[in-house]
Amino acid sequence: MTLQLGGIHHVSSITSHIERNHDFFTRILGMRLVKKTVNQDNASSYHLFYADAVGTPGTDMTYFDIPMAGRTHEGVSSINSTAFRVKSEEALAFWVQRFDELGVEHGEIEERFGRKVLPFRDEDLARFLLVVDDGSGIPYGEPWKVDDIPLEYAIVGLGGVTLTLRNTQATERVLTKVLGFEYIGSYPSLVPNQPNILVFSTGLGGPAGEVHIEQRLDLPMERPGRGSVHHVAFRVDNFEEYDEWVKKFDELGYVTSGKVDRYYFRSMYYRDPNGILFELATDEPGFDADEPLDEMGNKLALPPFLEPKRTEIEASLHPLKIQ
């Protein structure tokens, strides 16, 4: 079987204020809360998933709720920014005006790798981009309808991640020799006297299938905290391919998590030589595995193995004051 990843599946990050985080992603960015659940490795804290209208793989940004998280000290061995796709440059102009009206920190519209982008940050100071995707690669997601965001300007999925590394070659080898990414070009660093940023692509291509590698020779190691990215997951089409990916890593002698059933998808985790945590996650079965599509995100959802502990888990969680 020829194995090929389908692009970015999801990106998972840390927030110190889950209500504020929910407000930012739903009210300001117009994304849908498709799953309100808990961190399966620490069920005393929330894990929220924001995505498109139907929870399409490749559209979801997820957050672990860690109220005591300190600030992030930016550095190497990190996933330093996450992009979201929009359909046009007109959409970027809309978002500049919206960010100004709502007090969201943002930069100017600029060009990176031949595409127009708009950098911005949330209140945890996480780094994001809106990137124009012409639709020629991985298909758009289905935008969630929000009254004050026209559908033609809405976010339609994730648009790739940028890794900041000191020594890039080991990660480049993992991406190309193991995960099957292809090197497709480079563009100048945003920082003077630093190497070009390298771009690697998988699946049908476009921003949703890309990993950018920024080499920084002037930074210490990142000290993660609120706003930092915990891991990036790549799309595996089905359970059969997932089994083959696990087998491939085993045959190569790589240390992984082995098979992990997250119920909404099956996963395998691998930490690369630069400390970047990669996940392979299946597109199936999806977020509607335990909730009707039109009710996703309305109540606390627990995977079957945690359901017997619901009373205990709910008692350990602080009340989630979101609308």
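What radius of gyration does the protein have, and what would a compact globule of 323 residues have? The protein comes in at 19 Å, which agrees with the value near 20 Å for a compact globule with 323 residues. Here the radius of gyration is taken over C-alpha atoms, and the globule rule is 2.2 Å times the number of residues to the power 0.38.

Before going further, some housekeeping. This is a predicted model, where local features need pLDDT of at least 70 and side-chain atom pairs count only at pLDDT 80 or more, while totals for chains, interfaces and linings use all residues. Residues are numbered from 1 along each chain as its sequence is written, and side-chain values use heavy atoms, with hydrogens and water left out.

**The overall picture**

Along the principal axes, the C-alpha atoms fill a box of roughly 55 × 55 × 40 Å. The secondary structure consists of five helices and 16 strands; these are DSSP runs numbered from the N terminus, with helices (H or I) of at least four residues and strands (E) of at least two. Of the 323 residues, 57% are buried. Buried means under 20% relative accessible area, exposed means over 50%, and partly exposed is in between (1.4 Å probe, protein chains only).

Now for contacts, meaning heavy atoms within 4.5 Å. Among those with a separation of 6 or more, 68% are between residues 24 or more positions apart. As for charge, there are 32 positive and 50 negative side chains, and the centres of the two sets lie 4 Å apart. Lys and Arg count as positive, Asp and Glu as negative, and His and the chain ends are not counted. Each charge is placed at NZ of Lys, CZ of Arg, CG of Asp or CD of Glu.

**Helix H1 and its rings**

Helix H1 is mostly covered, with eight of its eleven residues buried. Among them are Ile18, Glu19, Asn21 and His22. Just after H1, glycine 30 takes a positive phi of about 75°.

Rings of Phe, Tyr and Trp (its six-membered ring) pair if their centres lie within 6.5 Å; planes under 30 degrees apart count as stacked, over 60 as edge-to-face and the rest as tilted. By this rule there are 24 aromatic pairs. In one of them, phenylalanine 24 and phenylalanine 120 are stacked, because their ring centres are 6.4 Å apart and their planes sit at 25°. Phenylalanine 24 is in helix H1 (residues 18-28) and phenylalanine 120 in strand S7 (residues 115-121), so the pair ties together parts 96 residues apart in sequence. Phenylalanine 24 is buried at 6% relative accessibility, and phenylalanine 120 is buried at 2%.

Phenylalanine 25 and phenylalanine 128 make an edge-to-face pair, with 5.9 Å centre to centre and 85° between the planes. This pair also links distant parts of the chain, from helix H1 to strand S8, 103 residues apart. Phenylalanine 25 has a relative accessible area of 0%, so it is buried, and phenylalanine 128 is buried at 3%. Ring pairs join a cluster that includes Phe24, Phe25, Phe94, Trp95, Phe120 and Phe128.

Isoleucine 149 sits in the loop between strand S8 (127-132) and strand S9 (158-165). Despite being in a loop, isoleucine 149 is buried at 4% relative accessibility. Leaving out residues up to four places away in sequence, isoleucine 149 touches Ile28, Leu29, Gly30, Phe94, Trp95, Arg98 and Ala154.

**Histidine 10**

Histidine 10 lies in strand S1 (residues 8-15) and is buried, with a relative accessible area of 2%. Its C-alpha is 5.1 Å from that of aspartate 60, which is 50 residues away in sequence. Beyond its neighbours within four places, the contacts of histidine 10 include Asp60, Thr62, His231, Phe265 and Glu279.

**Backbone oddities**

Two residues have a positive phi although they are not glycines:

| Residue | Phi | Loop | Relative accessibility |
|---|---|---|---|
| Phenylalanine 113 | about 55° | between strand S6 (110-112) and S7 | 22%, partly exposed |
| Tyrosine 263 | about 75° | between strand S14 (260-261) and strand S15 (265-271) | 26%, partly exposed |

There's also a cis peptide bond from glutamate 284 to proline 285, with omega near 0°. Proline 285 belongs to strand S16 (residues 277-285).
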